[in-house]
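Here is a short report on the fold of one protein chain. Keep the structure open while reading.

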Amino acid sequence: MLELYHYNDSVCAQKVRVCLAEKGLDWIPHHVDLMKLENLAPDYLKLNPKGVVPTLVHDGRVVCESTDIIEYLDEQFPQPALRPEEPGALARMRTLIQLQDDTALIAVGLQTMQRYIKRHMERLSEEKLAAYAANHPMPERGAIHAHVGRGGDIPQAGLDQAAADLENAVGSLEAALVEGPWLAGDRYSLADVTWTPFVHRMTILDMSVFWEGGLRPRTEDWWERIKRRPSYAEAISKFPTFTSFTE
Ligand SMILES: N[C@@H](CCC(=O)N[C@@H](CS)C(=O)NCC(=O)O)C(=O)O
């Protein structure tokens, strides 16, 4: 049995949902509402000590970290294989996943925080914000949520750096796509799984200018093909996004 603790509009959770959809696996959802701070509930922290989503539970075995989860799924459910056998392609796949982990998560996080999460945090009471800041297992996460919730902004220099990092990352995708229609070459892989939610988020953040209009034509073409895969609808577009929040 596969259970996924996720949040509708978390890029890291979307990454795992895309992988599950590509493999045609059924899973039991447990929605952890980050806007209601459910990620800091004591029972959830027992599963995921960092207080973040996603967390996979497979027959009672707990796996955290989205990259570890998708690798785990590919090992446990090998068909269709999402890791290339050719060593060069495998290395390219891992490099692009690492780029997401090292750079894109922080960059989309800052931009999303300023554009969307801030307005939700601003509705929380001072008591809740103080509790978030004091109790988050990753103090810098608690602090930044409390900062924007109290009316603070992400410094413009940080937002500019995040945008530059994301544009550079799109440059890396464009370069990788020289090798084939997919990010690791001729076969769809975990690199494509990983970058699907991040490129999707960039479209929400008005960053599709980084590839549209022929600027990075291979990425533009890849993105069109990604959106046509059933996993895109199943794992991403059927879920609500920050832009549709009304509560
Ligand atoms: N490295 C982790 C990062 C997980 C992560 O940062 N998740 C975000 C949503 S994309 C989260 O739960 N944020 C809530 C918080 O930081 O309080 C992974 O890839 O699973």
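## Order of elements

From the N terminus, the elements of the protein chain run β-α-β-α-β-β-α-α-α-α-α-α-α-α. That comes to ten helices and four strands. The model is a predicted one.

## Overall dimensions

A compact globule of 247 residues would have a radius of gyration near 18 Å; the protein chain has 18 Å, so the value agrees. Along the principal axes, the C-alpha atoms fill a box of roughly 55 × 45 × 30 Å.

Buried residues make up 39% of the 247 residues. Take the contacts in the protein chain with a separation of 6 or more. Of these, 72% are between residues 24 or more positions apart.

## The sheet

The four strands form an open sheet. Their order is 2-1-3-4, and the pairing is mixed. Strand 2 (28-31) and strand 4 (61-64) are the edge strands; each pairs on one side only. From one strand to the next, the twist averages 20°.

Strands of a sheet pair through backbone hydrogen bonds, either parallel or antiparallel. Strand 1 (residues 2-6) pairs with strand 2 in the parallel sense, over four bridges. His6 has His31, in strand 2, as its bridge partner.

Which helix lies across strand 3 and strand 4? Helix 3 (residues 66-76) does. Its direction is about 135° to strand 4. Strand 3 covers residues 55-58.

## The main core

The largest nonpolar core has 55 residues. Those with the most contacts inside it are Val16, Val53, Leu96, Leu166, Leu183 and Ala191.

Several elements give two or more residues to this core. Strand 1 is one of them. The helices are helix 1 (11-22), helix 3, helix 4 (87-121), helix 7 (156-176), helix 8 (190-204), helix 9 (217-228) and helix 10 (230-237). Helix 4 gives the most, with eight residues.

## Around Leu183

What does Leu183 touch, leaving out residues up to four places away in sequence? Its contacts are Leu96, Leu173, Ala176, Leu177, Ser189, Ala191, Asp192 and Trp195. Among them, Leu96 and Ala191 are also listed with Leu183 as residues with the most contacts inside the largest core.

## A second core

A second core is separate from the largest one. This core has seven residues, including Met113, Met121, Ile144 and Ala146.

Notes: Residues numbered from 1 in each chain as written. Predicted model: local features only at pLDDT ≥ 70, side-chain atom pairs only at ≥ 80, totals over all residues. Pairing = 2+ DSSP bridges. Axes fitted to C-alpha atoms, helices over the stretch in contact; angles between N-to-C directions. Contact = placed C-beta atoms within 7 Å. Core = buried A, V, L, I, M, F, W, Y, C linked by C-beta atoms within 7 Å. Buried ≥ 20, exposed ≤ 12 C-beta atoms within 10 Å, placed from the backbone. Rg over C-alpha atoms; globule rule 2.2 N^0.38 Å.
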